[in-house]
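Subject: Structure handover

Dear colleague,

Here is the structure for your files. My notes on the strands and their surroundings follow below it.

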Amino acid sequence: MNEAQTIKAQVQPITECKNLINDEAFGSDSVLPVYNPATGEQIAALHEADAQIVDRAVSAAQKSFQSGVWRDLTVEERQSVLRKIAQFVDEHAETLAGLECLNTGIPYAHLLAGQIRRVALNFRFFADYIGQSEGDLYTQNPDYLTYVRRDPVGVCALVGPWNAPLALTTMKLAAALAFGNSCVVKASEQTPMTLLALMPLLQQAGVPDGVVNVVNGSGVVTGAALSAHAGIARISFTGGTETGKQIMTLAAQNLTPVTMELGGKSANIIFASADLEKAVDGALLGIFSNNGQQCLAGSRIFLESGIAGDFIDTLITRTQNIRVGDPFDPETEIGALGSKTHMEKVLSYVGIGQKEGGNLLTGGERIEALAPGAFMQPTLMQVGDNATRLCQEEIFGPFGVIQTFDSAEQAWALANDTSFGLVSYVWSENLSTIMDAQKRLESGLLWVNTPMVRELRAPFGGVKDSGIGRESGKACEQFYTEEKTVTLPVQSQILTKLGNPDTRGS
Ligand code: NAD
């Protein structure tokens, strides 16, 4: 057996993906298939939670919240549980990476070194944060002391996507738990396995039953029932923009606050003044890492005209050398896309682009030798018009779209001409160009001369159609707690005695 086969042989899929409520597994009559996108094989059956099962999960979470088994623990006690979870995730990293690889098609090596480490980091980060967070105190009025308590909000609905399932969903889970809440979590119906595999680790670490409950199912059935539930205090969502709008519509009926981490079509702007070797590496990482399925992808590559010719030649050569194949193979750089249907959608943009006058530079085809797996060639197209669908719609695959510009002014205008605004990338060694960029680009994040850095301490999130709200230590504290302003007198007070005739006129 080669290395890939050895790793794969050790992965035990969770073949029945049920709903976990109060540590009890609930099946359902509605069963959906779960696939390995690298082989096209069905690997599990997912038991879809209907509104009744969702209601049971929310009730279990509410009960656990009201009982105080988790919310009333001291900060030190909660920190200790969160740190144990992180430790268990590290100890089970290979198992979790194996399951995630099997279910998503993302390269195993990338998962093991990146996303699964990030899962552990999420829990460690929030454990540290709650030990250091500070409160607000107002002492301007000499007669009164006023301070702000932060109480957990109740039951949080946490809804995750399929492109980085456990890493993204546990950012929400670690935060909601750290601040004392109970949760109902829904993974994408495409990728339910790692969340289910995490559940015993939470329990082993000391999370009481009922504090974290899992419901599985499609967005329209399970996700919608959860989003519409009146017992939910917060909804944190990561996924597509249209889904985000639907969830907000449901949440509005109960005035449930939401955070929305949505889609992107980010500009990667490369000036002639850049370190071009680094910019090539950065452009390739920006569009092709995580199989190109990233909200953060630098999917619109803007090149200053003077450097475009050589830069494109290098990009093409390097793209053609990218190793696409078995996600379990440690040498693989791009694995299988999330599903065959998704791959077909990504590939359909080749035809769309060509009709719009786009020039296919490389790729653009399914890799038939790897069928029925959902493998496609990494693809680059050049386009002359930013108004095209190719430049305006999120393709969400290994598919970069290249345009050129002649001036910084034009670059800012093209970059901002999009409904999205998650991240911008800019490459230049010229400080005033960078200073212009940080002022002019409309996005929640800006990466300067680097492809991708997630600083957990700092706000993460998008503007425009890329989202509402932020994730970070402070932002999550604001979202997952309710402020209560408490005022008390500094000294014993003499109060006006309403209804007492003896004190009238005095
Ligand atoms: P999706 O919107 O299809 O699904 C995300 C989740 O929402 C799934 O769990 C799904 O079951 C659920 N859902 C779907 N319809 C629903 C409804 N009507 N009510 C409630 N829940 C519903 O997204 P996806 O295809 O899983 O993920 C890809 C998208 O996520 C891309 O657009 C990507 O850019 C975005 N994304 C954003 C970020 C970010 O941080 N901004 C990170 C990763 C992915």
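Which residue in β12 does Ser236 stand opposite? The model is a predicted one, and in it Ser236 faces Thr259 of β12. The two strands concerned, β11 and β12 (residues 258–261), run parallel and are joined by four bridges. To get from β11 to β12 the chain passes through helix α9 (residues 241–252), and this β-α-β crossover is right-handed.

β11 also pairs with β8 (residues 155–159), again through four bridges and in parallel. There, Arg234 of β11 is the bridge partner of Cys156.

As for its surroundings, β11 (residues 234–238) is mostly covered, with five of its five residues buried. Arg234, Ser236 and Thr238 point one way from the strand, while Ile235 and Phe237 point the other way. Both sets are buried.

Elsewhere there is an open sheet of three strands, ordered β1-β5-β4, with mixed pairing. Its edge strands are β1 (16–17) and β4 (31–36), each of which pairs on one side only. β4 and β5 (residues 41–47) run antiparallel and are joined by six bridges. Within that pairing, Val34 has Ala44 in β5 as its bridge partner. Helix α4 (residues 93–104) lies across β4 and β5, and runs at about 100° to β4.

Regards

Notes
Residues numbered from 1 in each chain as written. Predicted model: local features only at pLDDT ≥ 70, side-chain atom pairs only at ≥ 80, totals over all residues. Heavy atoms only, no water. Pairing = 2+ DSSP bridges. Contact = heavy atoms within 4.5 Å. Axes fitted to C-alpha atoms, helices over the stretch in contact; angles between N-to-C directions. Buried < 20%, exposed > 50% of the residue type's maximum accessible area, 1.4 Å probe, protein only. Right-handed = clockwise from strand over helix to strand, strands pointing away.
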